[in-house]
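Hello,

Please find the structure below, as agreed. My notes on it follow directly after.

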Amino acid sequence: MNAQDKPKAPTMPVSADLDEQALFFHRYPRPGKLEIQATKPLGNQRDLALAYSPGVAAPCLAIRDNPDMAADYTARANLVAVVSNGSAVLGLGNIGPLASKPVMEGKAVLFKKFAGIDVFDIEIDAPGIEAMVSTVSALEPTFGGINLEDIKSPECFEVERRLREKMNIPVFHDDQHGTAIIVAAAVLNGLELAGKNIADVKIVTSGAGAAALACLHLLVSLGAKKENIWVHDIEGLVYDGRNTLMDEWKEIYTQKSDKRVLADSIGGADVFLGLSAAGVLKPELLEQMADKPLIMALANPTPEIMPELARAARPDAMICTGRSDFPNQVNNVLCFPYIFRGALDCGARTINEEMKMAAVKAIAALAREEVSDVAARAYSGESPIFGADYLIPSPFDPRLILRIAPAVAKAAAETGVAARPIQDFEAYLDQLNRFVWRSGFVMKPIFSAAKVSEKNRVIFAEGEDERVLRAAQVLLEEKTATPILIGRPSVIEARLARFGIRIRPNVDFAVVNPEDDPRYRDYVDEYFALVGREGINPEAARTIVRTNNTVIGALAVKRGDADALICGVEGRYDKHLSDVNQIIGKRPGVCAFSGLSLVISQRGAMFFTDTFVNYNPSAQEIAEITILAAEEIRRFGITPKAALICHSNFGSRDSESAQKMRAALKLVRQRAPELEVDGEMQGGSALSETLRKRAMPDSSLTGEANLLVFPNLDAANISLGLVRNLTDALHVGPILLGAAQPAHILSSSVTSRGVVNMAALAVVEASQPNLQFQS
Ligand SMILES: NC(=O)C1=CN([C@@H]2O[C@H](COP(=O)(O)OP(=O)(O)OC[C@H]3O[C@@H](n4cnc5c(N)ncnc54)[C@H](OP(=O)(O)O)[C@@H]3O)[C@@H](O)[C@H]2O)C=CC1
Ligand SMILES: CC(=O)C(=O)O
Ligand SMILES: [Mg+2]
């Protein structure tokens with residue numbers, strides 16, 4: 001279907017609550033969260049002959065003769081099935097396989113985003129054990145691994161046991177083992193902080209299902225004593241002699257006791273482990289717990305107790321939930337993508353106890369590690385310190401994959417279950433590192449840093465525009481920026497009402513009315529002082545300050561009434577730039593403004609420059625643009641790798657632009673010796689180390705460049721447009737480089753999400769100006 005043929009998606013009602021927003025999110029622009037992508041071109045008859053008949057027979061026969069070759073000739077080794085029968089979906093109960101599909105699609109997205117693993121979500125109408133086992137085991141030829149999900153207990157134990165026996169690929173019930181691994185890491189760290197020994201602590205659970213029992217098994221293997229464990233389910237305590245709602249798995253944890261309910265047995269508990277249902281832990285029960293208790297209320301989506309209630313009852317407690325909106329998110333998402341990454345990468349036939357334990361230790365150790373600059377960006381720009389509110393890493397910590405996957409692969413090799421043991425761990429780490437920055441979470445550090453910035457007042461020149469109004473709502477909701485909108489209050493109010501946007505002018509955000517603002521005279525004086533000698537008389541200055549919103553916004557930034565300017569949603573780029581130049585001006589030492597574009601595609605994140613400003617920059621300007629762009633890229637927690645590109649490959653041509661890029665390289669190397677940069681080279685050499693090495697074996701650029709510096713505006717801007725459209729990429733930008741204070745001129749095609757992205761970046765620039773640029 002052509003883009004023009006697609007039905008136009010409606011816009012999300014901004015007043016929608018979370019449920020409505022989630023329904024909208026799942027429905028538009030196309031239903032669901034996944035699609036399948038071809039990884040080979042099918043561009044001509046030859047490709048067709050290779051990909052399908054007759055060529056496809058060759059890999060078929062190679063696999064028939066040696067099944068291991070499936071890892072080389074098919075996608076199997078990176079393909080996992082997320083399988084559910086929908087019998088215990090989150091805490092929603094037995095809602096059936098079809099209704100479980102959004103959760104399974106969600107797990108698939110997490111596998112892909114966090115660890116680059118491809119997933120088919122498979123929801124099967126198989127309520128019983130036999131049907132589950134026969135259906136899933138029949139899938140072995142398709143997959144490199146099986147992730148069982150949301151299958152009710154006790155059936156899940158038998159299903160998993162039989163599948164593990166039958167299948168020669170990893171079978172992992174995530175609700176059991178993924179949860180157990182992250183819970184065990186949090187318990188080890190929590191007890192360390194409380195100064196307690198696992199062998200001595202009393203553990204009380206609410207829940208005796210898949211997750212709770214698997215957690216207990218792992219805690220016991222870490223040294224917890226069964227006699228110190230008190231398990232509760234919907235009927236209360238699991239005690240010796242109970243004969244209702246019992247099974248052989250609960251039986252393992254029976255207590256000889258006449259206590260019957262949580263309230264009877266929670267006294268003196270060091271750990272509460274909730275993997276049951278919302279609200280079952282009452283605050284008054286917490287008073288009976290031991291000193292510095294560890295409260296893990298992990299039911300999803302609503303925990304056994306909300307953290308604020310637990311904190312009020314027990315200020316000395318360490319509190320964890322399964323949710324992302326509180327500290328200490330104990331959720332299996334911290335584990336399953338990476339344990340599978342490690343297992344798949346070494347061709348593991350199973351995920352054994354040693355591999356799980358390696359994951360526990362890697363996660364627990366990570367929380368105790370000092371946080372690097374790059375990782376700090378996953379934590380709102382702060383370096384969290386191991387403690388009650390930081391028992392385990394955040395799911396966005398980029399180091400998780402780097403620590404867990406190699407630890408798991410190593411344990412697999414050591415225990416003899418790896419068909420393809422990793423030979424070179426340094427190279428493997430390098431490969432994982434490349435994945436991390438490609439993974440599309442590239443804006444996350446910017447949003448985290450913006451949230452904690454004190455210089456967050458962003459003034460919008462086109463404050464009446466629908467996209468800006470919607471962006472303002474999101475910025476306020478997400479606490480990313482304090483928007484100031486330039487526009488007529490009556491128009492803003494009318495449009496907010498028309499679009500159903502809840503935020504209110506002069507209550508939630510400030511408005512600058514160009515027709516009537518008390519600062520008008522001061523702004524005119526300031527403007528006249530700046531431009532009075534450029535042919536603008538006082539009368540013209542008054543008119544401009546009343547009618548040109550970019551001028552008003554730039555003056556507000558100049559005078560300190562705002563921290564950053566966003567404009568350009570309407571009007572010509574060069575006119576906005578001229579206003580910004582006149583009022584805000586360039587950073588000391590910078591010769592020219594330039595435009596940087598971040599392009600985020602399936603393939604990863606890539607920066608292009610100069611996409612918007614300089615028609616034919618000189619070698620000096622190219623050098624400056626490269627250094628400024630590299631500086632900006634570091635804000636994203638990314639180490640820049642710059643390629644100066646043109647039609648010539650390391651001296652293969654002697655044209656004007658080839659000479660210019662060569663001269664620019666010399667200047668960059670003089671001015672920024674620490675920057676990884678090379679040129680002049682063709683686009684292919686920039687992206688492929690193999691191609692580059694063929695032309696220049698000792699190139700100082702390694703791997704794939706992430707900053708492409710073009711010789712002129714035509715090349716940069718045309719490439720940007722083509723790449724965006726051919727790859728359906730997201731464009732963040734244009735990012736204006738070289739301004740004395742943060743100011744960005746967007747384009748008329750920007751979406752409201754694009755406005756939000758740029759506002760967040762502007763806030764970060766305001767709080768962290770001039771990282772390293774030296775004139
Ligand atoms: N944070 C995380 O990473 C994870 C969280 N979870 C959450 O844990 C919960 C359980 O999941 P899972 O183990 O897979 O499901 P199961 O269906 O296997 O187990 C649920 C358990 O909770 C018990 N239970 C249900 N309601 C209550 C209640 N009101 N009081 C006490 N016990 C109750 C059940 O009792 P009975 O045995 O009598 O039926 C059963 O033992 C869900 O909310 C799920 O979202 C699960 C996995 C990971
Ligand atoms: C997180 C998860 O797997 C669950 O709540 O079921
Ligand atoms: Mg689950």
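The model is predicted. I start with Gly91, which sits in the loop that runs between strand S1 (79-84) and helix H5 (96-115). Gly91 has 18 other C-beta atoms within 10 Å and therefore counts as partly exposed, since the cut-off for buried is 20 or more. Apart from neighbours within four places in sequence, the contacts of Gly91 are Ala277, Ala278, Ala299, Asn300 and Pro301.

Asn94 belongs to the loop between S1 and H5 as well. With 14 other C-beta atoms within 10 Å, Asn94 is partly exposed, because a residue counts as exposed at 12 or fewer. Setting aside neighbours within four places in sequence, Asn94 is in contact with Gly86, Ser87, Ala88 and Lys152.

Both residues appear in the UniProt record: an unreviewed entry there places the feature "binding site" at Val89, Leu90, Gly91, Leu92, Gly93, Asn94, Ile95 and Gly96.

Ligand 1

The shell around ligand 1 holds 30 residues, and the closest of them are Gly91, Gly209, Asp233, Asn300 and Gly322. Two of these names, Gly91 and Asn300, are also in contact with each other. By type, the shell consists of 14 nonpolar, twelve polar and four charged residues.

Which elements supply at least two residues each to this shell? They are helix H8 (174-194), helix H9 (210-221) and strand S6 (229-233). H9 gives the most, with three residues. In terms of domains, domain 2 (47-169) and domain 3 (177-333) each contribute at least three residues to the shell around ligand 1.

Domains

The chain is split into domain 1 (1-31), domain 2 (47-169), domain 3 (177-333), domain 4 (335-439), domain 5 (448-583) and domain 6 (594-735). Between the C-alpha centres of domain 3 and domain 4 the distance is 26 Å. Their contact involves 21 residues of domain 3 and 16 residues of domain 4.

On the side of domain 3 that touches domain 4, two or more residues come from each of H8 and strand S10 (318-321). H8 has the largest share of that side, at eleven residues. The residues of this side of domain 3 are 13 nonpolar and eight polar, with no charged ones. H8 thus turns up in two places, in the shell around ligand 1 and on the side of domain 3 that touches domain 4.

Regards

Terms used
Residues numbered from 1 in each chain as written. Chains lettered and ligands numbered in written order. Predicted model: local features only at pLDDT ≥ 70, side-chain atom pairs only at ≥ 80, totals over all residues. Near = placed C-beta within 6 Å. Helix = DSSP H or I, 4+ residues; strand = E, 2+ residues; numbered from the N terminus. Nonpolar A, V, L, I, M, F, W, Y, C, P; charged D, E, K, R; others polar. Domains from an automatic or database assignment. UniProt positions renumbered as here; feature names shortened; annotations may be inferred. Contact = placed C-beta atoms within 7 Å.
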